[in-house]
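Visitor: Hey, I've got a structure to look at and no idea where to begin. Can you walk me through what's in there?

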Amino acid sequence: MTLSPSQQRRLLGLLDRLARLKRGDPEAIQEEADGHSRFDFAGFGGQEHQDIVVLFHAGHIASRSFMGGDPASRWSPEGIYAYEITNDGEEYLDAYRHLLGGDPPQQQPVPNAAAKAFIIHGTDPNGYVDQVEDACRNFGLDPVRMMEQSNQGRTLPDKLRDNMSASDFYVAVLTHDETTIEGKQRARQNAIAETLVANLNWPGRLAILREDQVEIPSNLQGLAYIQLEGQWSMRLFQEFKASGLV
């Protein structure tokens, strides 16, 4: 689901309120006690109800009492009546909190603001690379794509080496670029080669994103990958976080 900026800020606002309640924030608890912030059946209606449905099905919130049905098809005091933020929701809030305005998150230190993420890709017919580039920027990293870098009189191998060496992380986007004679989908061979180079030279700083049904060649077997579906951007954020880049 593609969210508009206003929708995303609204959902983040709800998650922020739930996060403060989960932490036991006295001000948040008092707001709920005074009726200014309710996270039960009686506290929602209209747009807030729809937002809760979106957050629930995205896995960002969970019910503390569930007696059948789900908020999209059943909405009654006998069904779901109270919610709390999940670990997935906290990571989503952590990654996008800056969209709520105010001071930037303290966990995003200034030295990492210019960390570079080199994006390995092929022809990318379904437009995933643009989404990966946007995700990198949202997480505070500077995405690097070979075709957008100046040549400076270098050969392509030299240009590739220089740009990869100057990067801090490597994201390989393996997509439906070619069809084999057996009818299988595979990534462009240059993308496979660059993925191998990144894994050989910078182990532990590579994330592989794989489009559904893309064949994994034998020389990449054994490497973990992230399926390009669902909450793939949050899993990519976890890789950046584990590397100390966000």
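Guide: Sure, let's start with a term we'll need: a salt bridge is a side-chain nitrogen of Lys or Arg within 4 Å of a carboxyl oxygen of Asp or Glu. Also keep in mind that this is a predicted model.

Visitor: Okay, and how many salt bridges are there in the whole structure?

Guide: A search of the whole structure turns up 11 salt bridges. One of them joins the side chains of Lys-241 and Asp-94, at 3.7 Å from N to O. That pair links distant parts of the chain: Lys-241 sits in helix H8 (residues 232-242) and Asp-94 in helix H4 (residues 87-96), 147 residues apart.

Visitor: What makes two side chains pair like that?

Guide: Side chains of opposite charge can pair when their charged atoms come close.

Visitor: And is Asp-94 buried or exposed?

Guide: Asp-94 counts as buried, because its relative accessibility is 14% and the cut-off for buried is under 20%. Lys-241 is partly exposed, with a relative accessible area of 44%.

Visitor: Got another pair for me?

Guide: Try Glu-133 and Arg-137, whose side chains meet in a salt bridge at 3.0 Å, N to O. These two are four residues apart in helix H5 (residues 128-138), so about one helical turn separates them. Glu-133 counts as buried at 6% relative accessibility, while Arg-137 is partly exposed at 47%.

Visitor: Which residues are linked with those two in a network of salt bridges?

Guide: Asp-130 and Arg-145 are; together with Glu-133 and Arg-137 they form a network of salt bridges.

Visitor: Is there a pair where both partners are partly exposed?

Guide: Look at Glu-178 and Arg-186, which meet in a salt bridge at 2.8 Å, N to O. Glu-178 is partly exposed at 22% relative accessible area, and Arg-186 is partly exposed at 31%.

Visitor: New topic. What does the secondary structure of the chain come to?

Guide: Eight helices and nine strands. Five of the strands form an open sheet in the order E4-E3-E5-E8-E9, and the pairing is parallel.

Visitor: Which strands stand at the edges?

Guide: Strand E4 (142-144) and strand E9 (226-227) do. Each has a single partner strand, so one side of each is left without a neighbour in the sheet.

Visitor: How is E4 held to its partner, in terms of bridges?

Guide: Three bridges join E4 to strand E3 (residues 116-121), and the two run parallel. To find one of these places, look for Ala-117, whose bridge partner in E4 is Pro-143. Helix H6 (residues 156-165) packs on the sheet, where it touches E3, E4 and strand E5 (169-174). The direction of H6 makes about 140° with that of E3.

Visitor: And what about the other end of the sheet?

Guide: E5 and E8 run parallel and are joined by five bridges; Leu-174 stands opposite Arg-210 in E8. E8 then pairs with E9, again in the parallel sense, over two bridges. There, Leu-209 has Ile-226 in E9 as its bridge partner.

Visitor: How many residues of strand E8 are buried?

Guide: Five of its five residues (206-210) are buried. Leu-206, Ile-208 and Arg-210 point one way, and Ala-207 and Leu-209 point the other way.

Visitor: Why do they split up like that?

Guide: In a regular strand, side chains alternate between the two faces of the sheet.

Visitor: Last topic: the inside. How many residues has the largest nonpolar core?

Guide: It has 40 residues, and those with the most contacts inside it are Val-132, Phe-139, Leu-141, Val-173, Leu-209 and Phe-240. Helix H1 (residues 5-23) gives the largest share of this core, six residues.

Visitor: What is Val-173 in contact with?

Guide: If you leave aside its neighbours within four places in sequence, the contacts of Val-173 include Ile-119, Tyr-128, Val-132, Leu-209 and Leu-228. There's also a second, separate core of 19 residues, with Ile-192, Ala-198, Ile-216 and Leu-220 among them.

Visitor: And for the chain as a whole, what percentage counts as buried?

Guide: 41% of its 246 residues count as buried. The accessible surface comes to about 13000 Å², and 48% of that belongs to carbon and sulfur atoms.

Notes: Residues numbered from 1 in each chain as written. Predicted model: local features only at pLDDT ≥ 70, side-chain atom pairs only at ≥ 80, totals over all residues. Heavy atoms only, no water. Pairing = 2+ DSSP bridges. Contact = heavy atoms within 4.5 Å. Axes fitted to C-alpha atoms, helices over the stretch in contact; angles between N-to-C directions. Buried < 20%, exposed > 50% of the residue type's maximum accessible area, 1.4 Å probe, protein only. Areas by Shrake-Rupley, 256 points an atom, 1.4 Å probe, with all protein chains shown as cover. Core = buried A, V, L, I, M, F, W, Y, C linked by side-chain atoms within 4.5 Å.
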